[in-house]
Amino acid sequence: FTDNSQPIEIKKNMCTHCSVGCSVIAEVQNGVWVGQEPAYGSPINRGTHCAKGASVRELVHGDRRIKYPMKKVGGEWQRISWDQALDEIAEKMGEIRENSGADSVYLLGSAKFSNEGAYLFRKFAAFWGTNNVDHQARICHSTTVAGVANTWGYGAQTNSYNDIRNAKTVIFMGSNAAEAHPVSMQHILEGKETQNANVIVLDPRFTRTAAHATEYVRFRPGTDIAIINGMLWHIFENGWEDTEYLAQRVYGMDQVREVVKDYTPDVVENISGIDGDTLKRVAETFAKERPSTFIWCMGGTQHTVGTANVRAYNILLLATGNVGHEGTGANIFRGHCNVQGATDFGLDVGNLPCYYGLGEGAWRHWSRVWDVPYDYFIDRFDAVPAKGGRDARTAEQNMGIPGITSTRWFDAVTIDTEEIDQRDNIKAMVVFGHGGNTVPRMQDARRGMDALDLLVVADPHPTTFAALHSRTDNTYLLPICTQFECAGSRTSSNRSIQWGEKVVDPIFESDNDYAVIHALSERLGFAEEMFKPYEMVQGKFGMEPTPESILREINRGSWSIGYTGQSPERLKAHMANQEHFDLITLRAKPDAPEEIQGDYYGLPWPCWGTAEFRHPGSHILYNTNLPVKEGGGAFRPRFGLERDGETLLAEGSWPVGSEIEDGYPQFTMGMLKELGWDSDLTAEELAVIEQIGEGDEERIDAVSWSLDLSGGIQRVAIEHGCVPYGNGKAR
Ligand code: SF4
């Protein structure tokens, strides 16, 4: 109960239940969250919530919170202190490390982390010495990231929820947004009303989204690729493709034409159940009534061929010229509010933060950002002995090898060590914020949990990982506070980043991720090195880093995808001035306060900012409103560089003298000078490059070069024939 005579404070955070990113206004009295409203000024939700969003206060004040640290003793949960829990966990982890190696601890993170929490957890894995770190995207949209990134570069949604209202034709395939992303439907339905848009829903089930469709098409589950190839068959057969767009911007469509020749209407009907006339009508509408956009969700991705499904959707968009401008694009509806951010920050067995991969260049880059020697990590990682017919690996080589995915960790607990690509079995699992509900093969996962030497579940609520096992000891529950009890940023599907304020102090004995990761690192002996760059403050139980200082470190290191301009100050100014952004374009209105002028809401990445070089964020990726020569998007599988008609690099080749890290071609300042390109740069552009490069030895990711929409580096790249397209990863 609270004293009603006390003033009410207003705090802003965001709903956690899906990736739309609806803002929540919390009314706080006497430190208690007493009331909740949707944010009326937010350009994302415009004063609306769905039923899920309306209940987020319950996450904090609901009666199912874990109240204090607990430990299983003889099969019973017992209350213990934080100190006892962390001391015992650290001691056990140390023993496991000693006997079995660092890879024997599996680190399962979460899209419930803030960006700063996700980044810190990935950094914790690096300092502990393993790439065994993953999160929920493994089983939801990791196939999207792989499919989109390998088609045109960035593993993310190209447009935004708001922009969908500009589409004349919308296809949903594998998405039931009316239930999973309800607030997004206001944009789509407004488009349907104001633009008379076609809303086509392809789904095996007649969903609530299908109830809003102008055309509903039922199909056999798992036949997406045949359907898309069938649509392309009709498009090519009738000449409905965008020939000018293809000629100017897209490489490789001829091979697609060859493949889809086999997908005649009869063949496709036989596979999918969709008759030829219906599919022809859908294909014609999508190709001719433009701009058209394609929306997908986990109905498309959760397949053994999920990445190929995603590639097929993207190819359809390219064939019809529907990428890179308003009302078009791949609108990819993700799950939790921060699946995009947790993926961006490397909660993934194959990446360091911001998709740098695991190559030596990536480790050297992050060593510099983290201000520790590269060799530090060689000391932390295991060497892997020869076994099962494989060669032995040094610790340095092991640093470059992806860890075990979250869909297979339980196999690595019990399988014969001859078959494991690491020194020993997995012996311990530390789970932050990840429920087990969605884990495939749950019975195997339960057996895996039972066989572990140590299980730690850190969460605001008791999850299936806390409950679905028969363990009797060496099992710990740590009470973590919700996102409403600490500050931090989150990245919605449209790449916009929003700063969430702390609404109330952590309740019961719960504490935030930053503090708990710090306390554990302290006991494991690497906190001093890992937390050196941060501003530390006194927290509830000990010192903790501020999320602002973690974000500043992210800003310094994230040149690969452009998280450099989203400083805490700019993000806070956006949240405080939501009503000054346009509801459709997401751009600050002309009379907006100075600190947000020119910006897109949430500074959607890439946002190449520095103190001197302010970037507005990128509302729509790959601007194809512009010709390629003026910086417009183009989509090719590899790099091809020409200057004055002379081929400097053939497509599919790599820059001479560059290092190839994980298939990434890397530029250096030295190479740019050698090519004579540096002489054309303006002082402002050079300042940016120097900030990226800091001299010859620092590699510059080609993505940063080729896709910068700020006009500076982009201009130089285009003038020299460096065309923006895929990230150069060869998969
Ligand atoms: Fe929350 Fe998504 Fe509903 Fe918005 S649409 S209130 S973000 S669940």
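This tour moves through a predicted model from the ligand to a buried strand and then to a parallel sheet.

**The ligand shell.** Begin by selecting the ligand together with the residues around it. There are 14 such residues, and the closest are Cys15, Cys18, Cys22, Cys50 and Gly53. Colouring the shell by class shows seven nonpolar, six polar and one charged residues. Colouring by domain is also instructive: domain 1 (9–61) and domain 3 (142–332) each supply at least three residues of the shell.

**Strand 15.** Next, select residues 475–479. Five of the five residues of this strand are buried, so strand 15 is largely enclosed by the rest of the structure. One side carries Thr475, Leu477 and Pro479, the other Tyr476 and Leu478, and both faces are covered. Now add the partner strands. Strand 4 (residues 70–73) pairs with strand 15 in the antiparallel sense over two bridges; to locate this pairing, display Lys71, whose bridge partner in strand 15 is Tyr476. Strand 14 (residues 454–459) pairs with strand 15 in the parallel sense over five bridges, and here Val457 has Leu477 as its bridge partner.

**The five-stranded sheet.** Finally, turn to the open sheet whose strands follow the order 10-9-8-11-12, with parallel pairing. Strand 10 (215–217) and strand 12 (330–332) stand at the edges; each has a single partner strand, so one side of each lacks a neighbour in the sheet. On average, neighbouring strands of this sheet are turned by 20 degrees against each other, direction ignored. Within the sheet, select strand 8 (residues 169–173) and strand 11 (residues 292–296), which run parallel and are joined by five bridges. Thr169 serves as a landmark for this pairing, standing opposite Ser292 in strand 11.

Terms used
Residues numbered from 1 in each chain as written. Predicted model: local features only at pLDDT ≥ 70, side-chain atom pairs only at ≥ 80, totals over all residues. Near = placed C-beta within 6 Å. Nonpolar A, V, L, I, M, F, W, Y, C, P; charged D, E, K, R; others polar. Domains from an automatic or database assignment. Buried ≥ 20, exposed ≤ 12 C-beta atoms within 10 Å, placed from the backbone. Helix = DSSP H or I, 4+ residues; strand = E, 2+ residues; numbered from the N terminus. Pairing = 2+ DSSP bridges. Axes fitted to C-alpha atoms, helices over the stretch in contact; angles between N-to-C directions.
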